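Trainee: I would like to go through the ligand surroundings and the empty spaces of this model. Please set each value against its definition.

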Amino acid sequence: MARIGFALAFVAAAIATVNAAPTPELHARQSITSLSTAQVSAFKPYTFYAASAHCSASVTINWSCASCQHNPTFKPVASGGDGDLTQFWYVGYDPTLKTVIVGHQGTDTSKLLPILTDGDIIMEDLDSSLFPGISSSVKVHQGFAATQSRSAPDVLAAVQKTISQFGANHVTIVGHSLGAAIALLDSVYLPLHLPSGITFKTVGYGMPRVGNQAFADYVDAHVTNLNHINNKHDPVPIVPGRFLGFHHPSGEIHIGEDSVWSACPGQDNTSDLCEIGSTPNLFDSDADDHSGPYDGVFQTC
Ligand SMILES: *[C@@H]1O[C@H](CO)[C@@H](O)[C@H](O)[C@H]1NC(C)=O
Ligand SMILES: *[C@@H]1O[C@H](CO)[C@@H](O)[C@H](O)[C@H]1NC(C)=O
């Protein structure tokens, strides 16, 4: 009986995790709210999923990587990418969380920062064949758009296959760093090609800014279950700069030096409990914070 009770409580908790709004029942702290221990713990499976996306396609397809073992019930369906021109990705099903998982590989700061601090950054429209019907006022980083487009059709096919194979109706998209940028673009892309009954959740770690104000507003209106988690003084979430016209969507969670997770309302909240308030420019940043720890988890394979 105790066992059954435990199992039911576990299933209920798993369902609650999937269906939960990004940041419920919060505790006030200087008008910014901090997450409870349970709320922080609820991110753990997604944090490991984002870490596993750093692994090559050959080990995510049989789920043999070290970080993979932290999500032991996962059923891989497809993987791809070469870790060079096309970032690695994988798609499968988590029967515990009852969701399709889409993971996108990140990169390290030494590769990403030079690209994102380049003053000649080009923003462009989203490709209308991948993103039909989106206003041309929406502009995104050209390099991110190109990277996402290389895996997009294969990822969509894998998500469709996983949905039909497992009877799924929920899709969770995760990534760290460049992988978070691809995950954000996938969060806009996938719903345009999947049935309207499918619901989505996105969790990004150390996510750079991806697009302009119209893009951030589009994301706020359409990607309703999004969190992007920033660790301490990570430089990546503050680039490309707002002065270049880039803006974050809402949904930031910032991990402070005291390891408290703060929910930061609005786009680019300037509170010193949030990313840009605590790290106003690159001189205040620490590249070592990019990989973590996110509640004890580092973003490596
Ligand atoms: C998974 O695939 C890798 C790469 O092909 C291989 O080296 C490894 O033995 C496989 N592991 C399992 C558990 O099948
Ligand atoms: C930052 O969060 C505070 C507290 O919720 C809120 O009052 C403020 O409007 C937010 N700032 C921005 C720029 O969204």
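**Cavity, pocket and ligand contacts**

Mentor: The largest cavity has a volume of about 30 Å³. Please bear in mind that the model is predicted.

Trainee: What makes this space a cavity?

Mentor: A cavity is a set of grid points where a 1.4 Å probe fits but cannot get out, whereas a pocket is an open set. A search of the whole structure finds one cavity of 30 Å³ or more.

Trainee: Which residues line the largest cavity?

Mentor: Its lining consists of Asn230, His248, Glu252, Asp268, Asn269, Glu275 and Ile276.

Trainee: How many residues of each class are in the lining of the largest cavity?

Mentor: One is nonpolar, three are polar and three are charged. Glu and Asp count as charged and Ile as nonpolar, so Glu252, Asp268 and Glu275 are the charged residues and Ile276 is the nonpolar one.

Trainee: What is the volume of the second largest pocket, and which residues are the closest to its centre?

Mentor: The volume is about 470 Å³. Of the 27 lining residues, Gln87, Gly106, Thr107, Asp108 and Lys111 are the closest to the centre. Helix H5 (109-116) and helix H6 (142-166) are the elements that give two or more residues to this lining. By class, the lining has seven nonpolar, 15 polar and five charged residues.

Trainee: Why is the approach of Asn269 to ligand 2 called a polar contact?

Mentor: An N or O atom in the side chain of Asn269 is 2.3 Å from an oxygen atom of ligand 2. The limit for a pair of N or O atoms is 3.5 Å, so this pair is a polar contact. The backbone also takes part: a polar backbone atom of Ser31 is 3.3 Å from an oxygen atom of ligand 2, and a backbone N or O atom of Pro265 lies 3.4 Å from one. Both values are within 3.5 Å, so these pairs qualify as well. Taken alone, ligand 2 exposes 360 Å², of which the protein buries 51%.

Trainee: Which residues surround ligand 2?

Mentor: They are Ser31, Ile32, Pro265, Gly266 and Asn269. This shell has two nonpolar, three polar and no charged residues. Gly counts as polar, so Gly266 belongs with the polar residues.

Trainee: What is found around ligand 1?

Mentor: Ser58, Asn62 and Ser64 are the residues around ligand 1. An N or O atom in the side chain of Asn62 is 2.3 Å from an oxygen atom of ligand 1, and this pair is a polar contact because the limit is 3.5 Å. The protein covers 31% of the 360 Å² of accessible area that ligand 1 has on its own.

Technical notes. Residues numbered from 1 in each chain as written. Chains lettered and ligands numbered in written order. Predicted model: local features only at pLDDT ≥ 70, side-chain atom pairs only at ≥ 80, totals over all residues. Heavy atoms only, no water. Near = heavy atom within 4 Å. Polar contact = N/O pair within 3.5 Å; in protein donor to acceptor, adjacent residues only side chain to side chain. Areas by Shrake-Rupley, 256 points an atom, 1.4 Å probe, with all protein chains shown as cover. 1 Å grid on protein atoms, 1.4 Å probe; cavity = no way out; pocket = protein on both sides within 12 Å on 5 of 7 lines; lining within 4 Å. Points joined across faces, edges and corners; volume = space filled by probe spheres on them. Helix = DSSP H or I, 4+ residues; strand = E, 2+ residues; numbered from the N terminus.
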